[in-house]
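Me: Please give me a close look at one part of this model, and then link that part to the rest. I am new to it, so explain the terms as you go.

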Amino acid sequence: MRLRPRHLRSRLTLWYVAMLASLLVLAWGSTCALLFWQLRTQLDHFAVQEIETVEGLFYFTPDGQLHMREDYHNHPESKDVIERYLEVLTTDGTVVFRNERLGNRSLDGATFSGEGIGGYSQRTSQLSDGTPVRLVSRVHVLEGRRLLIRLAHSEEPLLSRMKDLLLASLLVLPVVLAAAGLAGYTLARRALAPIEQMARRAQEITPERLDARLPNDYTDDELRQLAGVFNGTLARLETAFEQLRRFTADASHELRTPLAMIRSVGEVGLQKDGTRADYRDMVGSMLEEVNRLTSLIDNLLTISRADSGHIQLHRGVVPVLALAREAAAIFEILIEEKALQVTVEGEESPQVEGDYVFLRQAFVNVLHNAIKYSPVGGAIHVRVQRADGNQVLTEIEDNGPGIPLEDQPKIFDRFYRVDKARWRESGGAGLGLSIVKWTVEAHGGAVTLESKPTEGCTFRISLPSAPG
């Protein structure tokens with residue numbers, strides 16, 4: 001059996017009604033308690049006044065009996081007496097007077113120590129027949145004799161009025177709660193209507209419709225913030241899906257091309273009878289494509305592991321200038337072939353804390369990019385220096401053709417190549433600079449590009465300096 005309402009608006013309404021009922025009961029109880037206390041205080045005030053009145057009406061007869069004057073009922077101040085019970089006792093507890101209303105009933109029984117001495121003793125009590133009363137007592141000296149005067153008012157009219165108030169409240173409370181529940185349900189439904197609209201729109205969003213967005217035309221409140229956050233998440237998902245589709249398509253294309261080359265070379269070799277030299281050329285061509293394919297797969301695996309967070313960086317202290325020199329030494333043969341002038345200079349002391357292997361690969365990728373696109377006889381300058389904010393800055397500058405302004409924002413994207421027509425000649429797949437960007441950012445740094453067409457490129461790699 002399901003007791004919890006299914007819809008949030010129903011639960012909100014129930015919570016609202018329950019809270020309102022609790023507050024109403026609390027307010028009603030506090031009001032009744034305050035009212036009862038005020039009315040009982042008035043009874044005490046009346047009883048005190050009436051004791052002061054009756055004190056002047058008592059007298060002793062010659063035989064020692066206590067009586068009240070006959071003109072009591074005509075006394076001007078006695079007209080305000082309501083539901084009064086009167087009893088007079090001696091100091092030893094002997095009853096010497098009871099009025100007609102009290103009759104033979106006892107008013108609170110025996111006396112207690114200090115009752116009525118030095119002021120008025122006020123308390124709630126009961127008659128011997130169980131009638132609830134509010135009792136006030138005081139010691140009075142009459143003709144040299146100490147008497148204890150007790151005067152009480154019945155609390156039955158007060159309790160009766162409180163019961164009437166309770167009954168009226170019990171009749172009115174369900175009506176008020178029903179009206180409040182209806183109003184609360186209407187307000188909750190209206191307040192949750194935008195969320196229901198957002199839920200319906202969210203159900204329409206599929207991998208093929210990631211460009212759809214939740215309605216965000218509400219006022220500047222929490223719903224607008226929620227829609228904005230959700231739309232931001234959708235935008236990131238759309239970007240991620242688009243990158244994944246593009247990455248899959250580009251990777252498929254890049255893998256298919258060398259495989260097709262290997263297949264075509266093999267088929268040509270099988271279709272004709274060639275010399276030993278011809279077959280050597282074919283095998284060499286196939287091995288060249290295999291090398292390109294192996295490099296591409298290695299880069300794809302590196303990017304895949306980086307995206308999944310499975311790469312563990314083995315950090316250590318790395319001298320940056322020595323790292324740059326080692327990266328440049330790898331390309332000595334290529335530098336000699338193109339007659340390039342490569343200079344590596346800067347401060348010896350700058351060090352960074354990072355993974356030597358990945359940092360070395362980042363420097364190698366940037367230098368390789370500079371060497372590939374530098375003209376024959378060109379110059380490449382590598383400078384290492386300390387920068388502001390406890391950073392180590394490495395600048396790699398070449399005098400190649402540069403990168404057009406429209407291509408610069410995309411230069412670190414995967415599989416992006418500026419000169420798509422000549423990519424096979426350079427041997428690249430457009431993954432080197434994206435690996436550089438990931439490596440530098442994984443070490444808490446940043447890589448930027450400054451380039452003007454025909455004036456070369458300057459890559460700046462900024463890394464946090466090692467502590468100490």
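Reply: Two strands pair if DSSP finds at least two bridges between them. Strands themselves are DSSP runs of E with at least two residues, and helices are runs of H or I with at least four; both are numbered from the N terminus. This is a predicted model: local features need pLDDT of at least 70, side-chain atom pairs count only at pLDDT 80 or more, and totals for chains, interfaces and linings use all residues. Residues are numbered from 1 along each chain as its sequence is written, and side-chain values use heavy atoms, with hydrogens and water left out.

First, the setting. The chain has 468 residues, and 37% of them are buried (under 20% relative accessible area; exposed is over 50%, partly exposed in between, with a 1.4 Å probe and protein chains only). Nine helices and 14 strands make up its list of elements. Its accessible surface comes to about 27,900 Å² (Shrake-Rupley method, 1.4 Å probe; for residues, only the protein chains shown count as cover). Carbon and sulfur atoms hold 55% of that surface. Take the contacts between residues at least 6 apart in sequence (heavy atoms within 4.5 Å). Of these, 61% join residues at least 24 apart.

Now the part to look at: strand 7. Strand 7 covers residues 145-154. Is it mostly covered or mostly open? Mostly covered: eight of its 10 residues are buried.

Strand 7 pairs with strand 6, residues 132-142. The two run antiparallel, with 10 bridges between them. One such match sets V141 against R146 in strand 7. Strand 6 and strand 7 form a hairpin with two residues between the strands. There E143 takes a positive phi, near 55 degrees.

Strand 7 has another partner in strand 3. This pairing is antiparallel too, with seven bridges. Look for L86: its bridge partner in strand 7 is L151. Strand 3 spans residues 84-90.

T90 also lies in strand 3. What does T90 touch, leaving aside its neighbours within four places in sequence? It is in contact with V96, R146 and L147. R146 is the residue that bridges to V141. T90 counts as buried because its relative accessibility is 14%.

Next come the charges on strand 3. E87 and R98 meet through their side chains in a salt bridge, 2.9 Å from N to O (a side-chain nitrogen of Lys or Arg within 4 Å of a carboxyl oxygen of Asp or Glu). The pair links distant parts of the chain: E87 sits in strand 3, and R98 sits 11 residues away in strand 4, residues 95-98. E87 has a relative accessible area of 1%, so it is buried. R98 reaches 29% and is therefore partly exposed.

The whole structure holds 14 salt bridges. Follow two of them from E395. One goes to R383, with the closest N and O atoms 3.1 Å apart. E395 lies in strand 12 (residues 391-398) and R383 in strand 11 (residues 379-387), so this pair ties together parts 12 residues apart in sequence. E395 is buried, at 10% relative accessible area. R383, at 25%, counts as partly exposed.

The other bridge from E395 goes to R460, at 2.9 Å from N to O. Why does this pair tie together parts that are 65 residues apart in sequence? Because E395 lies in strand 12, while R460 lies in strand 14, residues 457-464. R460 is partly exposed, with a relative accessible area of 24%. Elsewhere, salt bridges that share partners join E87, R98, E115, R123 and R150 into one network.

That brings us back to strand 7. R150 falls within residues 145-154, the range of strand 7. R150 belongs to the network that includes E87, and E87 lies in strand 3. Strand 3 is also joined to strand 7 by seven bridges. On the hairpin side, strand 6 pairs with strand 7 over 10 bridges.
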